[in-house]
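Hi there,

Here is the structure I promised to pass on. Could you open it alongside this email and look through it when you have a moment?

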Amino acid sequence: MPAASSRTTAVSAVVTAALAAGLLTGASSAAAADGQVRIHDIQGATRISPLAGTQVTDVPGIVTGVRGYGSKGFWFQDPNPDADRATSEGVFVYTGSSPAVAVGDAVTVSGTVAEYVPGGAASGNQSLTQLTRPTVAVVSSGNALPAPVTVSERSVPSRYAPAGDPAAGGSVNGLPLSPGRYALDFYESVEGMNVRVGSSRVVGATDTHAELWVTVKPHENANRRGGTVYGSYASQNTGRLQIQSLVPLTEQPFPKADVGDVLTGTTEGPLDFSQYGGYTLTARTLGTVLDRGLRQERTRAQRDGELAVATYNVENLDPGDAREKFDALAAAVVNNLASPDILALEEIQDDNGATDDGTVSAEQTVRRFTEAIAAAGGPAYDWRSIAPQDKKDGGEPGGNIRQVFLFNPERVSFTDRAGGDATTATEVVRERGRAALTHSPGRIDPAAAAWTDSRKPLVGEFAFRGRPVFVVANHFASKGGDESILSHHQPPTRSSEVQRLAQATSVNTFVKKLLSADKRADVLVVGDINDFEFSGTTGALTAGGALYPAVKSLPRSERYSYVFQGNTQVLDQILTSPSIRGFDYDSVHINAEFADQNSDHDPQVLRFRP
């Protein structure tokens, strides 16, 4: 967590903005009639405390949770609430060191009221009301805790958030909370309070940071494997809640859970707001995981006459990775993907990974992977790629990630056309009445601004049973810099979409050139598009009917390749030109739903008859 100086900067930014918007009116406006400031006076009925930046004295409450790691401090709650549903009765006290209090202590706290923005003001995140620079007095110990607020299908509204105030730049910070109307307002109204969930389905697997996601709404956009599908910008899934533990991992390991498992019993503790996930139940008492036995999927093998094309983000694969990762990824290609004829890989790193010494070749990386596939019983894949310029394509610094085509030479051939390199654009020509590339493999418009610090599309010309097939492998710009759906701006700002829209337009233009040369050309645009099937990016890719997002051939509940903060969603796609009809599409779920992952993406496979 940020040091005290960073927290102060974030607090100052929020307070300054709130003053400018007329949200802070001073301590006198919120003090109780008897002059005693209570926690609900500090929290107020909006997201910004009416007392932000002011000193409060001898605020009473019962300690409900203690955190001795990360952002160290404790939560305390007033056992005598007011009658206003919008005002929380709990608040976090940031101590900066292990607090000298225990759960059940009755305390009085003096300190400065602050609004801390996890991730900084530029993140757009909502702020966390807290007390800083505290002086704490323990009055008594062993007291009963305030009864928890139950977070459930009945208590959480179905509407996600109010529309932001246009006069405040689209922010909801100054709006009165409506906890009975909007889910984000409900969660804000119990920020810092003791809350509980009953037995709840896991919708985001345990991650490396010892946290998982559950839903308290079992029927909300549910799918057959236990996830909660994010199918539109208006389907935020209000029942999702992040779960962490206050118990040190050395004392109690965090449970491992996959999507579809159930966190049974009662999970109870203070409601926090974190940089990664927003509202988070920090559990004093953690339920028990019931394993529902989710298994990895296996797609069928291609039939006679079918060409199988797949895409798989292998998450920064480099020769320094353990043999177990290569073997696991290779086994998945053979056993779960049925050894596709063409496999477009994303995030293949150079031969020394993140070591930043100018290396751009990935021959060792690809050789290790293809050898592992053969050892797993798969075909002896050949491969084609173009090495990027050093530090020009984004990704992990020094890694020089790129896309790579693997293909089974027993089933499909690659049409080599020399001259393609990192900076030379391939073009479309007409050859013997058909479309052809000037360079294969080649790159699409690598000098265009759309591809600055991002992976350039790799295009290859293949032949299957004498018919040309064009495959464009992509890894579009990430969503880094976007505000989360928990932003105080509603709707949130998606700044990264601008670059992806330009990238999608570039690829769409290239596909139209192929179709202009041959309207019956078989073209597949594949890869980590880093955007949803309903997004403007997908709309730009498909503009003019040039392409169809094949994932839309699946039922809505089956459309996903990634799980983010408990939302199952599409990031990886295969799009087809109009000549490709009667295809069979499969999003093969082998990673995203599981605590044990070989990548954070699920591969995609499309089979068709050229």
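Below are my notes on a helix, a few strands, two single residues and the cavities.

First, the ground rules. This is a predicted model, in which local features need pLDDT of at least 70 and side-chain atom pairs count only at pLDDT 80 or more, while totals for chains, interfaces and linings use all residues. Residues are numbered from 1 along each chain as its sequence is written, and side-chain values use heavy atoms, with hydrogens and water left out. Helices (H or I, at least four residues) and strands (E, at least two) are DSSP runs, numbered from the N terminus.

Helix H5

H5 covers residues 363-375, and its end C-alpha atoms are 18 Å apart; this agrees with the 18 Å that 13 residues should span at 1.5 Å a residue (the expected span is 1.5 Å times one less than the number of residues). Its buried residues are Thr365, Val366, Phe369, Thr370, Ala372 and Ile373. They sit on the same side of H5, because they cover an arc of only 155 degrees around the axis. Buried here means under 20% relative accessible area, with exposed over 50% and partly exposed in between (1.4 Å probe, protein chains only); the arc is that of the directions from the helix axis to the C-beta atoms. These buried residues pack against strands E15 (307-317), E16 (342-348), E17 (382-385) and E18 (402-407), and against helix H4 (323-336). Just after H5, Gly377 has a positive phi of about 100 degrees.

Strand E23 and its partners

Strand E23 (residues 458-464) is largely enclosed by the rest of the structure, as 6 of its 7 residues are buried. Two strands pair if DSSP finds at least two bridges between them. E23 runs antiparallel to E24 (residues 467-475), with 7 bridges joining them, and Leu458 stands opposite Ala473 in E24. In the hairpin of E23 and E24, 2 residues lie between the strands, and Arg465 takes a positive phi near 55 degrees. E19 is also antiparallel to E23, over 2 bridges, and Phe414 has Phe462 in E23 as its bridge partner. Another antiparallel pairing, again of 2 bridges, links E23 with strand E22 (residues 442-443); here Arg443 is partnered by Leu458.

Two residues to look at

Val526 belongs to strand E25 (residues 522-528) and is buried, with a relative accessible area of 0%. Its C-alpha atom is 6.0 Å from that of Val472, although the two are 54 residues apart along the chain. Leaving out residues up to four places away in sequence, Val526 touches several residues, including Val309, Ala344, Val472, Ala473 and Ile574 (contact means heavy atoms within 4.5 Å).

Asn408 lies in the loop between E18 and strand E19 (413-414). Asn408 is buried as well, with a relative accessible area of 10%, and it touches Asp341, Pro379 and Tyr381, with the same sequence neighbours not counted.

Cavities

How many cavities of 30 Å³ or more does the structure hold? There are 2, and the largest has a volume of about 100 Å³. Among the residues lining the largest cavity are Tyr160, Tyr187, Trp213, Arg240 and Leu486. Helix H3 (183-189) and strand E10 (240-245) each supply at least two lining residues, and the largest share, 3 residues, comes from H3. For the terms: on a 1 Å grid over the protein atoms alone, a cavity is a set of points where a 1.4 Å probe fits but cannot get out, and lining residues have an atom within 4 Å of a point. Grid points are joined across faces, edges and corners, and a volume is the space filled by probe spheres set on the points.

Best wishes

How values were computed
1 Å grid on protein atoms, 1.4 Å probe; cavity = no way out; pocket = protein on both sides within 12 Å on 5 of 7 lines; lining within 4 Å.
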